[in-house]
Amino acid sequence: FSTGFGIWDKVDNGVIDTSQGAASPPSARFDVDGERGRARTHLEVSHDAVCLSAAVNIDSPPPSGSLVLMRLRREGGKSVMRVLRDAGGFLRIRSDIQGATSVRAGPLETGWHTIEICGEVGTNSSWDLYRDGVKVMDGWTTNSGTSPIGRVEIGDSSKTKTWSGNFDDVAVDLTPG
């Protein structure tokens, strides 16, 4: 975020935090009370197979319920897959096409952690989840539709949550790591 939110086409309640970052400042900060806290951007090219990673530091999670950390969307905007922190503090993947959520994949403690989701769209697709470079979910199978990924989002688009946290080093590529 050294150039601000320049590549992000939609930002709700985000600011550039010059005091902290994963490796070094700045980072994107969301501090919301019953509002959306997210940033979204279009990819130059849509992809059937994709990896999305971000360094996250959620210093104040919602008092109850889950928090979306990142989301993969179709070009038209429909949500395909999301990575969330559940009410117990554990990472999970959710297929918004199938309406199914994975089992818990390990805790998301406080402090900076790099989270990455990798997979390929399809009616019987496989998705992996990494935390700090370690695979914590291997091959969760779900229906993620057949439309390619054309947008990515960090943060939570819900209008009802209260939370705060930072995001940094967001990357979209085709291979894990």
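Mentor: Contact here means heavy atoms within 4.5 Å. Keep in mind that we're looking at a predicted model.

Trainee: OK, so which residues is L72 in contact with, leaving aside its neighbours within four places in sequence?

Mentor: With that cut-off, L72 is in contact with V50, L52, S79, V80, M81, I117, W127, I149, R151 and V152.

Trainee: What makes L72 stand out in the largest nonpolar core?

Mentor: That core has 36 residues, and L72, I117 and L129 touch the most other members. Strand β5, residues 49–60, gives the core its largest share, five residues.

Trainee: How do you know that β6 and β7 pair?

Mentor: Two strands pair if there are at least two bridges between them. Strands β6 (residues 67–74) and β7 (residues 79–85) have six bridges, in the antiparallel sense, so by that cut-off they count as paired. L72 has M81 as its bridge partner in β7.

Trainee: Which sheet do they belong to, and what is the strand order?

Mentor: An open one of seven strands, running β1-β4-β13-β6-β7-β8-β9 with antiparallel pairing.

Trainee: Why are β1 and β9 called edges?

Mentor: Because β1 (10–12) and β9 (100–101) each have a single partner strand, one side of each is left without a neighbour in the sheet.

Trainee: Back inside that sheet, why is T41 called buried?

Mentor: Buried means under 20% relative accessible area. T41 has 10%, so it qualifies. You'll find T41 in strand β4, residues 37–47.

Trainee: And what makes I7 and T41 a polar contact?

Mentor: The cut-off is a pair of N or O atoms within 3.5 Å. The backbone oxygen of I7 lies 2.6 Å from a polar atom of the T41 side chain, so the distance fits. Not counting residues up to four places away in sequence, T41 touches I7, W8, D9, G150, R151 and V152.

Trainee: What about the sheet that holds β5: what is its order?

Mentor: That open sheet has seven strands too, ordered β2-β3-β14-β5-β10-β11-β12, and the pairing is antiparallel. At its edges are β2 (14–17) and β12 (134–142), each pairing on one side only. On average, neighbouring strands there are turned by 25° against each other, direction ignored.

Trainee: How do you know that β11 and β12 are partners?

Mentor: Same test: at least two bridges are needed. Strand β11 (residues 125–131) is joined to β12 by six bridges, and the two run antiparallel, so they pass. One place to look is R131, which stands opposite V134 in β12.

Technical notes:
Residues numbered from 1 in each chain as written. Predicted model: local features only at pLDDT ≥ 70, side-chain atom pairs only at ≥ 80, totals over all residues. Heavy atoms only, no water. Helix = DSSP H or I, 4+ residues; strand = E, 2+ residues; numbered from the N terminus. Buried < 20%, exposed > 50% of the residue type's maximum accessible area, 1.4 Å probe, protein only. Polar contact = N/O pair within 3.5 Å; in protein donor to acceptor, adjacent residues only side chain to side chain. Axes fitted to C-alpha atoms, helices over the stretch in contact; angles between N-to-C directions. Core = buried A, V, L, I, M, F, W, Y, C linked by side-chain atoms within 4.5 Å.
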